[in-house]
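Hi everyone, thanks for coming. I've got a few minutes on one structure, so let me put it up and we'll walk through it together.

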Amino acid sequence: MADVDLNAAFGMTPKDAVSYFRSKGYEISDRWQEVWAGAHAKAFTVAKAMRMDVLESIRGEVDKALAEGITERQFIERLTPRLKALGWWGKQAWVDGQGTARNVQLGSPHRLKLIYRQNLQTAYVAGRHRRQLAASRTHPYWMYVAVMDGRTRPSHAALNGRVFRWDDPIWQYLYPPNGWGCRCRIRMLT
């Protein structure tokens with residue numbers, strides 16, 4: 001058996017995830033709920049990032065995280081001073097589009113962690129989905145795989161191990177992530 005250098009594989013960028021992320025446009029919004037789910041798939045948005053310089057700074061670091069393997073910690077350390085310099089940090093008084101004033105949280109380590117995790121997971125899942133569709137001829141069955149720990153929703157745990165054909169309409173509703181913070185995956189089967 002020939003020796004295989006796994007270092008080369010581990011150092012590769014997730015091409016499909018990077019490609020998906022880079023294909024997205026921009027969407028400025030006050031609240032994430034203002035951008036419908038289908039639009040999230042086509043546009044990069046961060047709630048209350050109402051200026052392009054802020055949105056572009058965040059997007060640039062998410063792109064580096066995907067393409068270069070920047071860790072969550074590095075992402076936060078690199079982005080925090082830039083967002084502070086742009087004035088997009090901490091709690092601030094905010095007036096929304098209806099003229100209602102309230103205190104909101106702009107940048108924070110917790111918020112950047114959320115942005116990092118959500119965007120990377122979405123990009124990786126989109127990349128996986130593209131590969132799974134390409135392999136559907138040889139692997140026509142998809143099995144729902146939940147993480148199965150204390151944070152798994154009962155509805156996701158109930159789906160664990162369920163198998164449907166790749167073209168079953170149910171995947172329009174169940175394909176992960178199918179809810180906020182979903183960590184589920186799909187396993188392809190012959």
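Let's begin with the second largest pocket: 19 residues line it, and Gln121, Arg151, Gly181, Cys182 and Arg183 are the ones nearest its centre. Before going further, keep in mind that this is a predicted model. The volume of that second largest pocket comes out at about 460 Å³. Which helix gives the most to the lining? That's helix H6, residues 109–134, which puts eight residues into it.

Now hold on to Cys182, one of the residues nearest the pocket centre. Is Cys182 buried or exposed? Its relative accessible area is 2%, so Cys182 is buried. Cys184 is buried as well, at 4% relative accessibility.

I can guess what some of you are thinking about those cysteines. How many disulfides does the structure hold? Zero. Why no bond for Cys182? The closest cysteine sulfur to that of Cys182 belongs to Cys184, and it sits 3.7 Å away, which is too far for a bond. The cut-off here is 2.5 Å between the sulfur atoms. Turn it around and start from Cys184, and the closest cysteine sulfur is the one in Cys182, again 3.7 Å off and too far for a bond. Just as a reminder, a disulfide is a covalent bond between the sulfurs of two cysteines.

Both of those cysteines also show up around a histidine. His156 sits in helix H7, residues 154–159. With a relative accessibility of 5%, His156 counts as buried. What does His156 touch, leaving out residues up to four places away in sequence? The contacts are Tyr144, Ala146, Asn178, Cys182 and Cys184.

Last stop, the sheet. Three strands make up an open sheet, ordered E6-E5-E7, with antiparallel pairing. Strand E6, 163–165, and strand E7, 185–189, are at the edges with a single partner strand each, so one side of each has no neighbour in the sheet. Going from one strand to the next, the twist averages 35°. For anyone who wants the refresher, strands in a sheet pair through backbone hydrogen bonds, parallel or antiparallel.

If you zoom in on E5, residues 141–145, you'll find three bridges joining it to E6, and the two run antiparallel. Which residue in E6 does Trp142 stand opposite? It's Phe164.

So, to recap: a pocket with Cys182 among the residues nearest its centre, zero disulfides, a buried His156 that touches both Cys182 and Cys184, and an open sheet of three strands. Happy to take questions.

Conventions:
Residues are numbered from 1 along each chain as its sequence is written. This is a predicted model: local features need pLDDT of at least 70, side-chain atom pairs count only at pLDDT 80 or more; totals for chains, interfaces and linings use all residues. Side-chain values use heavy atoms; hydrogens and water are left out. Two strands pair if DSSP finds at least two bridges between them. Helices (H or I, at least four residues) and strands (E, at least two) are DSSP runs, numbered from the N terminus. Axes are lines fitted to C-alpha atoms, for helices over the stretch in contact, and angles run from 0 to 180 degrees between N-to-C directions. Buried means under 20% relative accessible area, exposed over 50%, partly exposed in between (1.4 Å probe, protein chains only). Contact means heavy atoms within 4.5 Å. On a 1 Å grid over the protein atoms alone, a cavity is a set of points where a 1.4 Å probe fits but cannot get out, and a pocket is an open set with protein on both sides within 12 Å along at least five of seven lines; lining residues have an atom within 4 Å of a point. Grid points are joined across faces, edges and corners, and a volume is the space filled by probe spheres set on the points.
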